[in-house]
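User: I would like to go through the terms used for this model and see what each one rests on.

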Amino acid sequence: MTRYAMAVDLSRCQGCRACVEACKIENNTPSAVFWMYVFRLEQGEYPNTDISFLPRPCQHCENPPCVKVCPVGARFKRDDGLVLTDYERCIGCRYCEVACPYGVNFFNWRHPDEAFADYQVAFDDPDLEPITGGAIPAYKNPDHDELQGEEQRLTAGSSHFKGVMEKCTFCVQRVDKGRVPACVETCPVGALQFGDIEDSESPISQFVSTKKQFKLLEELGTDPSVIYVGGTPPTHEAREIERPLTGVSHGNA
Amino acid sequence: MATPETKKPLPMGVGSIGAGWLAFMGIAVVGIIFGLVGVLVEQQQGMVSTGMRNLGTMQGATWGVYISLVVYFVGVSFAGITVAALIRLFNLDYLKGVARMAEVMTVVALVLGAAAIIVDLGQPLRGIVNLFRYARPQSPFFGTFALVISGYLYASLVYLYVTSRPDAAVLTEYRSKLRGFFRFWAAGYVDTPDQRERDRRTTFWLALAILPLLVVAHSSLGFVFGLQVGRPGWFGTLQAPAFVVLAGVSGIGHLLVMAAIIRKVLNAEERVGKRAFAWLGRFMMVLLFVYLYFIVVEILTTMYQPSIAEQELSEALLTGRYAWLFWGSSAALVIPLIGLGWMAVTRTWRVSWLVVAGIVVNVGALGKRLLIVVPSQTDGQLLPYGTGTYFPTWVELSVAVGLFSLGAALVAIFMKVFPIIELEESPEREEVSV
C-alpha cells in the first residue's frame with residue numbers, strides 16, 4: 001500500500017515562504033488563503049528570543065476528523081492517504097473546518113473570480129492582458145479541471161467555487177502524474193520531502209529514518225501524514241509574529 | 001351524522017380577521033421582507049456579506065449566528081411533543097389547553113431550524129439534494145438534518161394532524177367558507193366511538209415513539225459539538241444531555257409566552273387555566289435547575305486542571321472578551337430560576353411573571369448557544385494562530401429577524417385556519433357519539 005507523506009525538516013527551513021508562493025501559483029488560491037502556510041514563531045523575551053519557522057500544509061491525517069464529520073462525503077480520504085475535497089459535492093456547511101484542529105480549511109466566502117487582483121487570477125479576465133502585455137499569456141493548467149484518481153472526482157487545485165470548502169491537496173494533480181507537490185519542488189533548501197512512507201526504500205523514508213520526528217497535535221489521535229524532523233513541536237509560549245493580512249478586510253474590499 | 005348545521009361563527013377566532021391580526025401580520029411581513037433582503041444579499045455577494053471568516057490564518061469564526069439559531073430553534077421545538085406526551089402518559093388533562101399550540105410551536109420551530117441551516121450553507125440548493133442523496137450517518141450533522149428535520153418534523157406533523165381531526169370534524173358542522181377545507185382535514189373522521197378509540201391509541205403510542213426520537217434528535221445537536229476534539233470547550237459527554245435540557249428550558253419558556261398571548265387574544269382564560277401555567281412553570285424550574293447544575297459541573301471540570309487551550313478559553317469566557325455574554329446569559333437563567341423558586345415556595349403562580357421568565361430564559365438560551373458555537377473557534381487555538389474575532393453583520397441579523405417573523409406569521413396564520421386551542425367536547429356531541 002502506498003501512503004503519501006510529507007517530511008518537513010525544521011532545521012533547514014529558513015522561512016523564505018517560497019513554498020507558500022509556489023502553492024499560491026500552482027493552485028491559484030484567492031487572497032488571504034494559504035493552503036501552505038509558514039508560521040514565524042517567537043519565544044522568550046527580548047533580547048533573549050528564539051525564532052523558529054513551522055510550515056503547515058494540510059496534515060492529510062490517517063484518521064481525519066474532517067472526513068468523519070462531512071455530512072455528504074465530499075471530504076474523503078483516498079487509499080493512498082490523500083485527504084481531498086470533492087468540489088462538486090461540497091454543500092458548504094463548514095463542519096470540516098471546525099472539526100480540524102490544524103486550521104487548514106479555507107472557505108470560498110464569495111465568488112473567487114470577482115475583484116481581480118484583490119482576490120485571485122481569473123484567467124479569462126480581459127484586465128489581465130495589459131498586465132502581461134500579451135507577451136506571456138495567462139496560462140491555466142488544464143490538469144486542474146480534470147477528474148482525479150480512481151474515484152474520478154473533481155478534487156484538484158484551482159477550480160474554486162463560491163460557497164465551497166477547499167484546502168491543500170498535496171497537489172493531487174501533480175502527485176497523480178508522478179511528481180511532487182509544488183511546495184516540495186520549490187523549496188530551495190530541501191526542507192520539504194514527499195513520497196511513499198510505507199516504502200522503506202523511498203527517499204522520504206530514508207530522509208526521516210535516522211532523525212527524531214514529531215507530528216503536530218499527535219495526542220488528538222489524528223495520525224497526520226506530515227512528519228516534522230529537526231526541531232520540536234511549537235510550545236504554547238510560542239507567539240506568531242509576521243502574520244499575513246487576516247483576510248477580514250478582503251470581504252469589504 | 002344527523003347534526004344540525006350551526007350558523008354561529010367558527011370558534012377560537014378561526015376565519016375572522018380583525019384589525020389586530022392584520023396589524024400583527026403587517027409587522028411580521030415587514031420582518032420577513034427584511035430577512036429575505038438579507039438572504040438575497042447573501043446569495044448575491046456570497047457569504048462574505050456575513051461576519052463569518054475562516055479559522056486560523058484569517059482569525060475569524062466560520063460558524064456564527066446561523067448555527068446558533070439552528071441549535072436554538074431546534075431547542076424550542078422541544079416543548080410540543082413533550083407536553084403532548086406528558087398529557088397522555090400522566091393524564092394531565094388541565095394541560096390540554098396548551099397541547100395544540102405546543103405542537104404547532106414544535107412544527108414551526110423545526111421549520112425555522114431547517115431554514116436557518118439552509119441559509120448557513122455556502123451551496124444551499126446543492127445542500128437540499130446532497131444531504132439526502134449522500135447522507136452519512138457517521139456525521140453528527142446527519143442527526144441534525146435527517147433525524148431532526150425529517151424524522152422529528154414529520155412525526156410531529158403526523159401527531160398534530162391526528163390529534164386535530166376530531167376538531168376538524170366538529171368544524172365541518174359550521175357553515176363557513178372553510179368548510180370544504182375542514183372536511184378535507186377531517187378526512188372521513190366523524191367521531192364515532194370506534195374512530196375515537198383508535199385515535200386515542202394511535203396518539204398514545206405515537207407520543208411514546210416520538211419521545212425517544214426527541215431525545216436522540218436534541219442529543220445529536222449536542223454531538224455536533226461534543227464529539228469534536230479539535231476545538232477547546234467542545235469535547236465532552238455533558239454536551240448532549242445539556243442540549244436536551246436547555247432545549248426544554250427554551251421550549252417551555254416559549255410556550256409560556258405563547259400561551260399567555262393566545263389566551264388573552266382569544267379570551268380563553270378558562271381553557272388555558274392557571275394550573276397549566278403553574279405546571280409549565282414548575283417544569284421549567286426543574287429543567288433550569290438541572291441545566292445550571294450542568295454548567296457548574298462543566299466549569300469545575302474545565303477549571304480544575306485545564307489544558308492550556310481550555311484555560312485560554314475559560315479565561316475568555318469568565319473574565320475576558322466573552323465575559324459580558326457569559327455572565328449576562330447566566331444571569332438570564334439564574335434570576336428567572338430564583339423567581340420561579342419563589343413562586344413555587346409561596347404557591348403564587350402569576351402568569352405575568354411566568355411570561356417575563358419565559359422571555360428572559362430564552363434570551364439566556366440564545367446567549368448560551370452563541371457561547372457554545374463562537375468562542376471555541378476564536379480562542380484557545382491548538383496551533384499558534386492569533387486570537388480570532390467574530391461579529392455578525394446586518395445580513396445575519398436581518399435573516400434572524402426574518403426567521404422570528406416567519407415563525408410568528410406561521411403561528412398567526414394557523415390560528416386563523418384552525419383552532420389553536422383544542423375544542424371542548426360539547427355534551428350534546430357526547431350523546432351523539434355514544
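Terms and what they rest on

Analyst: This is a predicted model, in which local features need pLDDT of at least 70 and side-chain atom pairs count only at pLDDT 80 or more, while totals for chains, interfaces and linings use all residues. Residues are numbered from 1 along each chain as its sequence is written, and chains are lettered from A and ligands numbered from 1 in the order in which they are written.

User: What makes a run of residues in chain A a helix or a strand?

Analyst: Helices are DSSP runs of H or I with at least four residues, and strands are runs of E with at least two, numbered from the N terminus. Chain A has seven helices and eleven strands.

User: Why are β1(A) and β8(A) said to pair?

Analyst: Two strands pair if DSSP finds at least two bridges between them. Strand β1 (residues 4–9) and β8(A) have five bridges, in the antiparallel sense, and therefore pair. Y4(A), for example, has D196(A) in β8(A) as its bridge partner.

User: Which strands are the edges of the open sheet β8-β1-β10-β9 of chain A?

Analyst: In this four-stranded sheet with mixed pairing, β8 (192–196) and β9 (213–214) of chain A are the edge strands, because each pairs on one side only.

User: What share of chain A counts as buried?

Analyst: Of its 253 residues, 49% count as buried, that is, 20 or more other C-beta atoms, placed from the backbone, lie within 10 Å of the residue's own (exposed: 12 or fewer; partly exposed: in between).
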